[in-house]
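User: Hello! I am new to this structure and would like to learn how to read it. Could you walk me through some features?

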Amino acid sequence: MRTQLVSIPTDTAPLDGALYEPDSGPVTGAVLLFHGNTMNFYVGASRFLPPVLTRLGLVCLAFNRRGHDILTTRNSRAAEGGAYQSTREAIADNRIAAEWMKARGFPAPVIIGHSNGGMLGTQHVVDHPQTPALVLLSAGRGGRNAGSGGREGLLAGDRELMFMPGWWYVISAESFLDRIATVPDTIALAPKIKCPVLCIRGDKEEAHRYPAEEYQRAAGGPCEVEIVANSDHFYNGREDVVATLVAKWLTRTLKLGAQ
């Protein structure tokens, strides 16, 4: 695949990422990859899926939302990153990336979101009903108090707002309050999504927190569920299995072999 580093302007910090294109053959469509909480475009599914998807003729954009990583700096000592993220900004980032792809001839890319990126992906697809397909990789439940409960205890410790061992270590007060009030509700949005959906979860993940089967029951369109054996939330050691499941489902759903 051909790889190009890109920088997509916003009203503040740009969205940095990589555009992956097939080496040869016809282009069959496009994919937007939404990374998980405090992750980035060069780890996880955003990294291991493009080599497989470009072989299907799909152009892939993996990009950092402004809330990527836990904390980061750019060209100054001003701190940025996940500790300052907000849902409103994240939804805007996804929309801006989609508009960037549209300007390059891809008005309706497939959406693939991991974890928090999946929750954000459900809102994006509701806002962009022309989306041809949605893949939810261990998407969280979302909704109010999305971080509470479960074995992981995310956001459910003593609520120390700056240092939170049960979260991704540090978070600002503003982002904390935003997190418990505005994260898209995956199950509530499911009936509004009419395009085909693939939900994947590792068998080591908690079904209540990553409710693939519950999403399937609530879905407003066709939905398939795959539970990956011996897999954690990040698919460590099972990347090839997940990539194969996604590629086969997209080939069938988008009828890529017929093109």
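User: Which way do the residues of E5 point, and are they buried or exposed?

Analyst: This is a predicted model, so please keep that in mind as we read. In strand E5, Val110, Ile112 and His114 point one way, while Ile111 and Gly113 point the other way. All of these residues are buried. Counted over the strand, 5 of the 5 residues of E5 are buried, and E5 is mostly covered.

User: Which strands pair with E5, and over how many bridges?

Analyst: On one hand, E3 and E5 run parallel and are joined by 4 bridges. Phe34 is the residue that stands opposite Gly113 in E5. On the other hand, E5 pairs with E6, again in the parallel sense and over 4 bridges. There, Ile111 stands opposite Leu134 in E6.

User: What is the order of the strands in the sheet?

Analyst: Reading across, the order is E1-E2-E4-E3-E5-E6-E9-E10, an open sheet of 8 strands with mixed pairing. The edges are strand E1 (2-8) and strand E10 (223-228); each has a single partner strand, so one side of each is left without a neighbour in the sheet. From one strand to the next, the twist averages 20°.

User: Mixed pairing is a new idea for me. Where do strands run antiparallel, and where do they run parallel?

Analyst: For the antiparallel case, look at E1 and strand E2 (residues 15-21), which are joined by 7 bridges. Thr3 has Tyr20 in E2 as its bridge partner, and a hairpin of 6 residues leads from E1 to E2. For a parallel case, take strand E3 (residues 29-34) and strand E4 (residues 58-63), which pair over 5 bridges. Here Leu32 has Leu61 in E4 as its bridge partner.

User: Which helices lie on the sheet?

Analyst: Two to look at are H4 and H8. Helix H4 lies across E3, strand E5 (110-114) and strand E6 (134-137), and runs at about 150° to E5. Helix H8 (residues 239-253) packs on the sheet too, touching E4, E5, E6, strand E9 (197-202) and E10. The direction of H8 makes about 170° with that of E9.

User: Why does Thr122 count as buried?

Analyst: Buried means under 20% relative accessible area. Thr122, which is found in helix H4, has a relative accessible area of 0%, so Thr122 is buried. Setting aside residues up to four places away in sequence, Thr122 touches Leu134, Leu136, Pro184, Thr186, Leu189, Ile193 and Tyr215.

User: How do H3 and H4 pack?

Analyst: The general idea comes first: two packed helices are described by the angle between their axes and the distance between the axes. In this model, helix H3 (residues 87-102) and helix H4 (residues 116-127) pack at about 55°, with axes 10 Å apart. That angle makes H3 oblique to H4, and the crossing is right-handed. On the H3 side, Thr87, Ala90, Ile91, Asn94, Arg95 and Ala98 meet Leu120, Gln123, His124 and Asp127 in H4. By class, this contact has 4 nonpolar, 4 polar and 2 charged residues.

User: Arg95 caught my eye. What is Arg95 in contact with?

Analyst: Beyond its neighbours within four places in sequence, Arg95 is in contact with His124 and His128. Arg95 and His128 are 33 residues apart in sequence, and their C-alpha atoms are 9.1 Å apart in space. Arg95 has 37% relative accessibility, so Arg95 counts as partly exposed.

Note on methods: Residues numbered from 1 in each chain as written. Predicted model: local features only at pLDDT ≥ 70, side-chain atom pairs only at ≥ 80, totals over all residues. Heavy atoms only, no water. Axes fitted to C-alpha atoms, helices over the stretch in contact; angles between N-to-C directions. Parallel < 35°, antiparallel > 145°, perpendicular 65-115°, else oblique. Left-handed = near helix turned anticlockwise from the far one by under 90°. Contact = heavy atoms within 4.5 Å. Nonpolar A, V, L, I, M, F, W, Y, C, P; charged D, E, K, R; others polar. Buried < 20%, exposed > 50% of the residue type's maximum accessible area, 1.4 Å probe, protein only. Pairing = 2+ DSSP bridges.
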